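Thanks, everyone. I will take this one piece by piece and leave the overall picture for the end.

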Amino acid sequence: MEDILEYQCPYMDPKLFQTPKTLDTSRFEGEGPTPFSYIPFGGGPRMCLGKEFARLEILVFIHNVVKDFRWKLLIPNEKIEYNPMPTPIKGLPILLQPSGDIASDCQ
Ligand code: HEM
């Protein structure tokens, strides 16, 4: 017997997230989402031990990419498949161009 957890199911449930397709970071403010409704790192006693480290790493990475590069989606309306994780079918290719200080360092 095999159990597969459909990770996107709670995110699309209007009882848990009223506007699931809207980018609304305020939903994480205050007490944040209901327990076990936002589960990229699992939940309960076996929840990911590296959760805070991973979040910090991702934050630093995104900060530097947004600050130092202009980026453009090469396939703007690329389809997403659910396998069961949401995955861009062509791998989400992007074009990165240095901006600001990095761009002048390159000249
Ligand atoms: C984006 C990055 C990461 C994601 C999405 C992720 C996700 C997960 C998930 C879904 C689980 C299973 C939780 C459960 O069964 O309820 C898990 C377990 C675990 N993760 Fe991560 N993880 C990430 C990064 C990391 C990092 C950086 C570390 C260590 C430095 C780490 C260490 C662990 C460990 C040790 C467990 C097993 C915990 C246990 O079974 O008690 N993870 N992770």
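Helix α2 is hardly covered: among its 18 residues, the count of buried ones is zero. Before going further, I should say that this is a predicted model. The helix covers residues 51-68, and from first C-alpha to last it reaches 26 Å, close to the 26 Å expected at 1.5 Å a residue.

Next, the residues around the ligand. Which ones are they? The list includes Pro-40, Phe-41, Gly-42, Gly-43 and Gly-44, then Arg-46, Met-47, Cys-48, Leu-49 and Gly-50, and finally Phe-53 and Ala-54. Phe-53 and Ala-54 fall within the range of α2, residues 51-68. Sorted by class, the shell has seven nonpolar residues, four polar ones and one charged one.

Now the loop before that helix. Phe-36 sits between α1, residues 8-12, and α2. Its phi is near 70°, which is a positive value in a residue other than glycine. Is Phe-36 buried or exposed? With 11 other C-beta atoms within 10 Å, Phe-36 counts as exposed, because the cut-off for that class is 12 or fewer.

Back to α1 itself, where Gln-8 lies. Gln-8 has 14 other C-beta atoms within 10 Å. That count is over the limit of 12 for an exposed residue and under the 20 needed for a buried one, so Gln-8 is partly exposed. Leaving out residues up to four places away in sequence, Gln-8 touches Tyr-82 and Pro-86. Pro-86 belongs to the stretch 86-88, which is β3. As for the ligand shell, one of its residues is Phe-41. The C-alpha atoms of Gln-8 and Phe-41 are separated by 13 Å, and the two residues are 33 apart along the chain.

On to the strands. β1 takes in residues 69-73, and β4 takes in residues 94-98. How do β1 and β4 run relative to each other, parallel or antiparallel? They run antiparallel, and five bridges join them. Two of the pairings can be given by name. Arg-70 has Gln-97 as its bridge partner in β4. Lys-72 stands opposite Leu-95, also in β4.

Why does β1 lie largely in the open? Of its five residues, the number buried is zero, so there is little cover to speak of. The account for β4 reads likewise: it has five residues, the number buried is zero, and so it lies largely in the open.

The loop between β3 and β4 has two residues to point out. The first on my list is Lys-90, which is found in that loop. Lys-90 is exposed, with 10 other C-beta atoms within 10 Å. Setting aside neighbours within four places in sequence, Lys-90 is in contact with Ile-75 and Glu-78. For Lys-90 and Ile-75, which are 15 residues apart along the chain, the C-alpha separation is 8.4 Å.

The other is Leu-92, which also lies between β3 and β4. Leu-92 is not a glycine, yet its phi is positive, about 55°. How many other C-beta atoms does Leu-92 have within 10 Å? There are 12, and since exposed means 12 or fewer, Leu-92 is exposed.

That leaves the overall picture. The protein has three helices and four strands. Along the sequence the order is α-α-β-β-β-β-α. The C-alpha trace spans about 55 × 30 × 30 Å along its principal axes. A compact globule of 107 residues would have a radius of gyration near 13 Å, whereas this protein has 18 Å.

Burial across the whole protein comes to 0% of the 107 residues. Of the contacts between residues at least 6 apart in sequence, 38% join residues at least 24 apart.

To close, here are the two points I would keep together: none of the 18 residues of α2 is counted as buried, and the figure for the protein is 0%. That is all I have.

Conventions. Residues numbered from 1 in each chain as written. Predicted model: local features only at pLDDT ≥ 70, side-chain atom pairs only at ≥ 80, totals over all residues. Rg over C-alpha atoms; globule rule 2.2 N^0.38 Å. Contact = placed C-beta atoms within 7 Å. Near = placed C-beta within 6 Å. Nonpolar A, V, L, I, M, F, W, Y, C, P; charged D, E, K, R; others polar. Expected span 1.5 Å × (residues − 1). Pairing = 2+ DSSP bridges.
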